[in-house]
Amino acid sequence: MTVSHLRCEYLANPLGIDVLVPRLSWMVSSPEKGQCQSAYQIVAAASLRDLEKGDHKLWDTGKVSSDQTIQVPYQGQPLKAFSKCFWLVRVWDKNDKPSQWSETAFFTIGPLEYSDWKAEWIGTPPEDEKTARSVIPPSPLLRRSFKSNDDIECAYLYVTSMGD
């Protein structure tokens with residue numbers, strides 16, 4: 001049997017999900033007719049390096065006797081806003097033979113509480129207060145340059161907008 005199409009909240013490698021107990025899913029296939037999953041094991045770590053080393057600090061289900069492949073709730077260490085989780089699955093077939101581990105999947109947690117948002121409003125101010133409500137200014141091109149003293153391995157931009 002092989003395990004593929006790992007999903008978190010029905011998405012492949014989603015960024016910025018807003019639930020602390022995401023649901024995980026996968027698909028199994030086998031060239032043998034009548035084959036089915038009899039058990040699964042999910043392991044999860046906060047970094048790809050930890051996962052590859054077998055250091056599953058976030059979660060290790062151990063072997064779970066179940067044919068469930070969809071909506072398996074995450075039950076590992078509590079997840080926090082802006083955290084990342086890497087995970088793998090393996091399954092056992094009806095003859096209790098384990099599959100190879102799946103490809104690695106991941107998901108990130110976005111801001112969860114109002115206090116997680118740390119930003120400043122940006123935009124084009126109206127020319128004067130009288131025309132502010134009657135004339136809509138053209139959409140501006142918004143950009144900003146910055147320098148970092150650290151090596152950046154990965155960065156995310158969380159964007160939202162507010163209309164009238």
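1. Two strands pair if DSSP finds at least two bridges between them. Strands (E, at least two residues) are DSSP runs, numbered from the N terminus. By that rule, β3 and strand β7 (residues 84–93) run antiparallel, joined by eight bridges. Ile-42 has Val-89 as its bridge partner in β7.

2. This is a predicted model: local features need pLDDT of at least 70, side-chain atom pairs count only at pLDDT 80 or more, and totals for chains, interfaces and linings use all residues. Residues are numbered from 1 along each chain as its sequence is written, and side-chain values use heavy atoms, with hydrogens and water left out.

3. Strand β3 (residues 37–45) has eight of its nine residues buried (under 20% relative accessible area). It is therefore largely enclosed by the rest of the structure.

4. β3 has further antiparallel partners. Two bridges link β3 to strand β5 (residues 64–65); here Tyr-40 is matched with Val-64. Two more link β3 to strand β4 (residues 59–60), where Ala-44 is matched with Trp-59.

5. Strand β1 (residues 2–8) and strand β2 (residues 23–29) are antiparallel, with five bridges. Arg-7 faces Ser-25 in β2. β2 also runs antiparallel to strand β6 (residues 72–73), over two bridges. The bridge partner of Arg-23 in β6 is Pro-73.

6. How exposed is Trp-117? Trp-117 is partly exposed (between 20% and 50% relative accessible area), at 42%. This residue lies in the segment after β8 (105–108).

Key:
Helices (H or I, at least four residues) and strands (E, at least two) are DSSP runs, numbered from the N terminus. Buried means under 20% relative accessible area, exposed over 50%, partly exposed in between (1.4 Å probe, protein chains only).
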